Amino acid sequence: MNKIFMEKALELAKISYKNGDVPIGAVLVKNGKIIGRGYNLKEKKKNPLYHAEIMAISDASKKLKSYHLEGTDLYVTLEPCLMCLGAIINARIKNLYFAAYNKRYGCVSSHLKLLTGGGFNHKTFYVGGIMEKTSSELLNSFFTDLRKKGKKIRHI
């Protein structure tokens with residue numbers, strides 16, 4: 001685990017914030033180098049599939065010309081949802097590191113606990129709460145700004 005990579009994910013989350021999307025960023029790392037980057041684009045692209053994790057996995061898969069991402073580490077600023085966790089398992093990502101816990105949609109340890117005893121053929125190790133305060137503050141700031149503007153986003 002390397003906090004520098006979580007800081008990079010937080011930088012990407014700030015791009016989402018500027019775009020009017022929930023500020024979530026992700027980087028995929030292999031052998032100490034970032035091979036995939038992503039940030040939330042759901043609102044900007046009007047597409048529910050454009051989560052930060054999906055974008056980072058897609059970026060890395062394109063670069064490596066494979067969806068087999070064994071030996072990689074994913075750093076993301078918010079605990080993954082069901083869709084993203086499915087992509088993480090399918091891509092065979094070795095380690096998952098996330099910042100803030102996602103009480104509404106988190107499928108790693110908050111809402112559901114799918115990586116423990118899930119019976120999947122691939123096991124992903126995870127650690128949550130890395131730079132949690134920084135990520136939570138960014139998320140809270142975003143939603144405070146939305147309320148001030150009278151706007152709503154339904155989901156994370």
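## A salt bridge in helix α5

At 45% relative accessibility, glutamate 137 falls in the partly exposed class, and in this predicted model its side chain forms a salt bridge with that of lysine 133, with an N to O distance of 3.9 Å. Lysine 133, at 63% relative accessibility, counts as exposed, because the boundary for that class is set at over 50%.

Both partners belong to helix α5, which spans residues 132–149, and since glutamate 137 and lysine 133 are 4 residues apart there, about one helical turn separates them.

## Salt bridges elsewhere in the structure

The search of the whole structure returns 3 salt bridges. One of them joins the side chains of lysine 63 and aspartate 59 at 3.4 Å, N to O, and these two residues, again 4 residues apart and thus about one turn of the helix from each other, both lie in helix α3, residues 52–64. Lysine 63 is partly exposed, with a relative accessible area of 47%, and aspartate 59 is likewise partly exposed, with a relative accessible area of 23%.

Arginine 92 and glutamate 70 also meet through their side chains in a salt bridge, at 3.8 Å from N to O. This pair links distant parts of the chain, 22 residues apart: arginine 92 sits in the loop between α4 (82–90) and β4 (95–100), whereas glutamate 70 sits in the loop between α3 and β3 (72–78). Arginine 92 is partly exposed at 25% relative accessibility, and glutamate 70 is partly exposed at 39%.

## The largest nonpolar core

In soluble globular proteins, nonpolar side chains tend to be buried together. Here the largest nonpolar core comprises 45 residues, and the members that touch the most other members are Met6, Leu74, Ile93 and Leu96. At least two residues of this core are supplied by each of α1 (3–19), β1 (25–30), β2 (33–39), α3, β3, α4, β4 and α5, and the largest share, 7 residues, comes from α1.

## Contacts of leucine 74

When residues up to four places away in sequence are not counted, leucine 74 touches Ala26, Val27, Leu28, Glu53, Ala56, Ile88, Ile93, Asn95, Leu96 and Tyr97. Among these contacts, Ile93 and Leu96 also appear, together with Leu74 itself and Met6, as the core members that touch the most other members.

Technical notes: Residues numbered from 1 in each chain as written. Predicted model: local features only at pLDDT ≥ 70, side-chain atom pairs only at ≥ 80, totals over all residues. Heavy atoms only, no water. Salt bridge = Lys/Arg side-chain N within 4 Å of Asp/Glu carboxyl O. Buried < 20%, exposed > 50% of the residue type's maximum accessible area, 1.4 Å probe, protein only. Core = buried A, V, L, I, M, F, W, Y, C linked by side-chain atoms within 4.5 Å. Contact = heavy atoms within 4.5 Å.
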